[in-house]
Amino acid sequence: MLFTDPDYPHVVLSFTYRGFHLELDQSTHHGVPMYAVWATHDRGCAVAVPGAVSRTEAIYRAKRWVDDRLRRANVDDSKR
């Protein structure tokens, strides 16, 4: 499949939070700025926030995503 207009990442901010490297990507959708956050960790990477309308919201949701993953990992470890 050939994309005539590919969407290249435009990382505007990156930082580490609780061992996860978070990258904030900015794009536009019908002229409206949109943000997504990629989370990279020792086992791979994932889209932590597929879409947000502000940087603040994207960062907040990304941190909550990390907190939730770490909380789940701790619960899973305690069940063993």
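How many residues apart do R72 and D68 lie in helix 1? Four, which is about one turn of the helix. I'll come back to that pair after the pocket. One caveat before going on: this is a predicted model.

So, the pocket. The largest pocket holds about 170 Å³ of space. Its lining consists of F20, H41, D42, R43, W65, R69, L70 and A73. Helix 1, residues 55–78, is the top contributor to that lining, with four residues. By residue class, the lining has four nonpolar residues, three charged ones and one polar one.

Now the charges. As general background, side chains of opposite charge can pair when their charged atoms come close. Searching the whole structure turns up five salt bridges. I'll go through some of them.

Start with R43 and D42, which both appear in the pocket lining. Their side chains form a salt bridge, with an N to O distance of 4.0 Å. Are these two buried or exposed? R43 has 74% relative accessibility, and because the cut-off for exposed is over 50%, R43 counts as exposed. D42 is at 72%, so D42 is exposed as well.

Next, helix 1 again. D68 has a salt bridge to R69, where the closest N and O atoms are 3.1 Å apart. R69 is another of the residues lining the largest pocket. D68 also takes part in a salt bridge with R72, and there the closest N and O atoms are 3.0 Å apart. That is the pair I opened with, four residues apart in helix 1. Through shared partners, the salt bridges link D68, R69 and R72 into one network.

What is the accessibility in this network? D68 has a relative accessibility of 22%, which makes D68 partly exposed. The cut-off for buried is under 20%, so D68 does not fall in that class. R69 is partly exposed at 30%. R72 is partly exposed too, with a relative accessible area of 48%; exposed would need over 50%.

To recap. The pocket of about 170 Å³ has R43, D42 and R69 among its lining residues. R43 and D42 are joined by a salt bridge, and R69 belongs to the network with D68 and R72. That's what I have for today.

Note on methods
Residues numbered from 1 in each chain as written. Predicted model: local features only at pLDDT ≥ 70, side-chain atom pairs only at ≥ 80, totals over all residues. Heavy atoms only, no water. 1 Å grid on protein atoms, 1.4 Å probe; cavity = no way out; pocket = protein on both sides within 12 Å on 5 of 7 lines; lining within 4 Å. Points joined across faces, edges and corners; volume = space filled by probe spheres on them. Helix = DSSP H or I, 4+ residues; strand = E, 2+ residues; numbered from the N terminus. Nonpolar A, V, L, I, M, F, W, Y, C, P; charged D, E, K, R; others polar. Buried < 20%, exposed > 50% of the residue type's maximum accessible area, 1.4 Å probe, protein only.
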